[in-house]
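Student: I'm new to this one and would like a close look at a single part of it. Could you walk me through the helices and the way they come together?

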Amino acid sequence: MTIKGFIKKALSHTCAYFTLIMLGYIIIAAIINVGDEKLLLDGGRTVLFFLFSLLWACANVIFSIKSIGGGIRLFLHYLIILFAFFTCLMLPLKPRTSGYLIGVVLFTLIYFAVMGIIHLITVKFKANVESTENYEKQFSKKSSKR
């Protein structure tokens, strides 16, 4: 994958993730602020959501590169997503030290549970695709004379 391809894929995914995150944030803010006439969104939080979306997209693009080993891809993906979660979502909340530890542990458990489910679905899908493909003969029988 070229640098240009990496940037293009990462930015297009960033836009999609940011749109979904902001939609969820706006819906939650609208539910919480039912009595207010105006819905004011925090600009700093919006920038952090964009940074989180960008890091998430870069992690997913790195995870999609098949030339890197599977374990290394998973480890890099985990580290980037953990960094994004910690810096963009945990630090602004300013929890106690135990809150940081609990947040990282819960994030790790949820991350590996979700990645395990995604892996199982992918393996099942590939098995179904392979079982429905028609077998094509690659070799023909040659009659040998003895």
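Tutor: Let's start with Ala113, which counts as partly exposed because its relative accessibility is 41%. Keep in mind as we go that this is a predicted model. Ala113 sits in helix α4. If you step back along the chain from Ala113 to Tyr100, you cover 13 residues in sequence, and the two C-alpha atoms turn out to be 20 Å apart in space.

Now look at what α4 packs against. Helices α3 and α4 meet at an angle of about 140°, and their axes are 11 Å apart. Angles over 145 degrees would count as roughly antiparallel, so this pair, at about 140°, is called oblique instead. The crossing of α3 and α4 is right-handed. On the α3 side, the residues making the contact include Leu74, His77, Tyr78, Ile81 and Phe85. On the α4 side, you'll find Gly103, Val104, Phe107 and Tyr111 among them.

Met90 is a handy place to zoom in, since Met90 belongs to α3 and is listed in that contact with α4. With a relative accessibility of 8%, Met90 counts as buried, because the cut-off for that word is under 20%. Setting aside residues up to four places away in sequence, Met90 touches Phe85, Pro95, Gly99, Tyr100 and Gly103. You can also check a spacing here: Met90 and Val104 are 14 residues apart along the chain, and their C-alpha atoms are separated by 9.0 Å.

From Met90, hop over to Phe85. Once its neighbours within four places in sequence are left aside, Phe85 is in contact with Phe52, Met90, Gly103 and Phe107. Phe85 also leads us to the largest nonpolar core, which has 17 residues. The members that touch the most other members are Phe49, Phe52, Tyr78, Phe85, Phe107 and Tyr111. Four helices each give two or more residues to this core: α1 (3-32), α2 (43-63), α3 (70-90) and α4 (97-132). The helix that gives the most is α3, with seven residues. As background, nonpolar side chains tend to be buried together in soluble globular proteins.

While you're on α3, have a look at Thr87, which is found in that helix too. A polar atom of the Thr87 side chain lies 2.8 Å from the backbone oxygen of Phe83. Apart from neighbours within four places in sequence, Thr87 is in contact with Leu48 and Pro92.

That leaves the other pair of helices. α1 and α2 pack at an angle of about 135°, with 7 Å between their axes. This pair is therefore oblique as well, and the crossing of α1 and α2 is right-handed. A good residue to click on here is Ser53, in helix α2. At 0% relative accessibility, Ser53 counts as buried. Not counting neighbours within four places in sequence, Ser53 is in contact with Thr14, Tyr17, Phe18 and Ile21.

So if you want one route to retrace on screen, go from partly exposed Ala113 to buried Met90, then on to Phe85 in the core, and finish at buried Ser53.

Definitions and conventions
Residues are numbered from 1 along each chain as its sequence is written. This is a predicted model: local features need pLDDT of at least 70, side-chain atom pairs count only at pLDDT 80 or more; totals for chains, interfaces and linings use all residues. Side-chain values use heavy atoms; hydrogens and water are left out. A nonpolar core is a set of buried Ala, Val, Leu, Ile, Met, Phe, Trp, Tyr and Cys residues joined through side-chain atoms within 4.5 Å. Buried means under 20% relative accessible area, exposed over 50%, partly exposed in between (1.4 Å probe, protein chains only). Contact means heavy atoms within 4.5 Å. A polar contact is a pair of N or O atoms within 3.5 Å; within protein, one must be able to donate a hydrogen and the other to accept it, and residues adjacent in sequence count only if both atoms are side-chain atoms. Axes are lines fitted to C-alpha atoms, for helices over the stretch in contact, and angles run from 0 to 180 degrees between N-to-C directions. Angles under 35 degrees count as roughly parallel, over 145 as roughly antiparallel, 65 to 115 as roughly perpendicular and the rest as oblique. A crossing is left-handed if the near helix is turned anticlockwise from the far one by less than a right angle, and right-handed if clockwise.
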